Amino acid sequence: GRKKLGWHEQRYATSPVFSDEGGYEALDSAATLATSTFPIGPEELIAKAKRVLAAEFGTKAGADPAALLSDDFQFVAPIVGPLSRAEFVRAFGSFKLKEAFPDLRDKSWFAVDPLEPNRVWFFSRAEATHTGTLHFGGRAIAATHKVVRSPPQAQSLLFDREGKVYTLTVGYCMDKRIGNTEGLGGVFAYLKAVGQPLPVKEGQRLYTPSVRFEALERLGKCAEALGYDPATRKRL
């Protein structure tokens with residue numbers, strides 16, 4: 001079988017600086033970032049991230065993946081990955097998301113991680129209408145005119161000293177109640193919302209509880225009904 005790539009280890013870190021306002025010891029983001037030794041500053045890093053996204057990670061016509069993604073690039077999603085640069089570019093380029101969803105808007109906002117200063121986080125609440133052909137796994141999924149509403153997702157780009165992306169993380173759902181994909185992110189969200197989910201449990205919803213877990217939940221509810229706290233086993 002295919003040997004999986006090993007995860008990249010964290011390359012940069014800062015020393016946390018805290019502020020105490022209102023009785024809560026919060027991280028002082030600006031002061032923490034000021035301790036960074038990474039050569040690219042936050043504003044420039046966010047600008048680079050936007051250029052990578054605009055070029056569709058190098059898969060857009062006229063773009064060069066090697067100019068944006070490092071040789072040791074990895075794609076890491078909750079279920080899929082890590083994928084190498086060649087594997088990711090081949091897969092992502094084949095989906096043709098912008099052709100399948102011409103009105104796609106990620107509605108993303110950006111921030112540099114104060115504790116990992118070479119990482120740009122971008123949070124999105126994507127919405128799109130399926131009016132073109134979506135390609136996945138050798139299938140051509142004709143337009144359904146269904147609307148995809150993804151949940152809020154946490155995603156990130158990690159940059160090396162040369163300004164190339166060496167890790168892309170996507171599809172990490174932040175609130176499964178939002179949208180119409182049952183908590184799925186990334187391309188799994190699009191497949192789910194247009195009625196063509198993958199025929200495996202990972203492609204159906206974010207989380208499917210095991211029979212054992214559901215049984216434990218029900219036992220807890222029964223205990224509460226009898227007047228006991230299931231956590232402490234004491235009377236309520």
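**Notes on the predicted model**

1. Let's start with D72, which has 32% relative accessibility and so counts as partly exposed, since that class runs between the 20% limit for buried and the 50% limit for exposed. Bear in mind that what we have here is a predicted model. D72 belongs to strand 3, which covers residues 69–76.

2. What does the side chain of D72 make a polar contact with? The partner is the side chain of R11, at 2.8 Å. R11 also turns up in the wider contact list of D72, together with H8 and Y166, once residues up to four places away in sequence are set aside. If you are tracing the chain around here, note that S84 is 12 residues from D72 in sequence, while their C-alpha atoms are 7.1 Å apart.

3. Now move along to Q74, which also lies in strand 3. Is Q74 buried or exposed? Its relative accessibility is 5%, so it counts as buried, the limit being under 20%. A polar atom of the Q74 side chain sits 2.7 Å from the backbone oxygen of G6. Beyond four places in sequence, Q74 touches L5, G6, W7 and H8, then P82 and L83, and finally Y166, T167 and L168.

4. L168 is worth a click of its own. With residues up to four places away left out, L168 touches F73, Q74, F75 and V76, as well as F57, F88, S156 and L157. L168 is also among the residues with the most contacts inside the largest nonpolar core, a list it shares with F75, F88, F101, L157, F159 and Y190. That core has 45 residues in total. The element that gives the most to this core is helix 6 (residues 186–193), with five residues.

5. So what about helix 6 itself? Seven of its eight residues are buried, which means that the rest of the structure largely encloses it. The buried ones are V187, F188, A189, Y190, L191, K192 and A193; yes, a lysine is on that list, K192. Which elements do the buried residues of helix 6 pack against? On the helical side there are helix 4 (85–95) and helix 5 (97–100), and the strands are strand 6 (127–129), strand 7 (134–136), strand 8 (139–141) and strand 9. After helix 6 comes G195, with a positive phi near 85°.

6. A189 of helix 6 leads us to S150, because A189 is one of the contacts of S150 outside four places in sequence, contact here being heavy atoms within 4.5 Å. The others are R125, A126, I178, G179 and T181. S150 is in the loop between strand 9 (147–149) and strand 10 (153–159). Loop or not, S150 has a relative accessible area of 4% and is therefore buried.

7. Finally, the whole protein. The model has seven helices and 11 strands, and its C-alpha trace spans about 65 × 55 × 40 Å along the principal axes. Of its 236 residues, 38% are buried. Among contacts with a separation of 6 or more, 56% link residues 24 or more positions apart. The exposed surface comes to about 13700 Å², with carbon and sulfur atoms supplying 54% of it. As for charge, there are 32 positive and 27 negative ones, and their mean positions are 8 Å apart.

Terms used
Residues numbered from 1 in each chain as written. Predicted model: local features only at pLDDT ≥ 70, side-chain atom pairs only at ≥ 80, totals over all residues. Heavy atoms only, no water. Helix = DSSP H or I, 4+ residues; strand = E, 2+ residues; numbered from the N terminus. Buried < 20%, exposed > 50% of the residue type's maximum accessible area, 1.4 Å probe, protein only. Polar contact = N/O pair within 3.5 Å; in protein donor to acceptor, adjacent residues only side chain to side chain. Core = buried A, V, L, I, M, F, W, Y, C linked by side-chain atoms within 4.5 Å. Areas by Shrake-Rupley, 256 points an atom, 1.4 Å probe, with all protein chains shown as cover. Lys, Arg positive; Asp, Glu negative; His and termini not counted. Charge placed at Lys NZ, Arg CZ, Asp CG, Glu CD.
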